[in-house]
Amino acid sequence: MNTDVWTERIREFAQERDWEQFHTPKNLAMALSVEASELVEFFQWMTPEQAAAVMSGDKAQDVRDEVADIL
């Protein structure tokens, strides 16, 4: 699918839930920050080697889910 199709699908998803009222620059920036922080938690205080190993362990799907939330 091209970008325009995805953009329209996301717009429709938000409209169906009446979320547009919350999609202000401030709110979107804050929500992005929260989701990014949740992703960072998986890797906090790890060495680069430990962080790389996360994606082959039992937390890999949780990391993927957080990336999806951010996107």
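Helices here are DSSP runs of H or I with at least four residues, strands are runs of E with at least two, and both are numbered from the N terminus. With that in hand, we can place leucine 71: this residue is found in the segment after H4.

Before going further, a word on the model. This is a predicted model, in which local features need pLDDT of at least 70 and side-chain atom pairs count only at pLDDT 80 or more, while totals for chains, interfaces and linings use all residues. Residues are numbered from 1 along each chain as its sequence is written, and side-chain values use heavy atoms, with hydrogens and water left out.

How far can you trust the prediction? The score to look at is pLDDT, the predictor's confidence in each residue, from 0 to 100. The protein has a mean pLDDT of 94, and 100% of its residues reach 70 or more. Among its elements, helix H1 (residues 3-16) has the lowest mean, 93, and H2 the highest, 96.

Now let us look for empty space. A pocket is an open set of points on a 1 Å grid over the protein atoms alone, with protein on both sides within 12 Å along at least five of seven lines, and lining residues have an atom within 4 Å of a point. The volume is the space filled by probe spheres set on the points, and for the largest pocket it is about 420 Å³. Helix H2 (25-41) and helix H4 (60-70) are the elements that give two or more residues to its lining. H2 gives the most, with five residues.

The lining of the largest pocket includes Trp19, Glu35 and Leu71. Leucine 71 counts as exposed because its relative accessible area is 83%, and exposed means over 50%, buried under 20% and partly exposed in between (1.4 Å probe, protein chains only). Leucine 71 and glutamate 35 are 36 residues apart in sequence, yet their C-alpha atoms are 9.5 Å apart in space.

Trp19 also leads us to the rings. Rings of Phe, Tyr and Trp (its six-membered ring) pair if their centres lie within 6.5 Å; planes under 30 degrees apart count as stacked, over 60 as edge-to-face and the rest as tilted. The structure holds one aromatic pair. Phenylalanine 13 and tryptophan 19 form this edge-to-face pair, 5.4 Å centre to centre with 70° between the planes. Phenylalanine 13 is partly exposed because its relative accessibility is 39%, and tryptophan 19 is partly exposed at 35%.

Conventions:
On a 1 Å grid over the protein atoms alone, a cavity is a set of points where a 1.4 Å probe fits but cannot get out, and a pocket is an open set with protein on both sides within 12 Å along at least five of seven lines; lining residues have an atom within 4 Å of a point.
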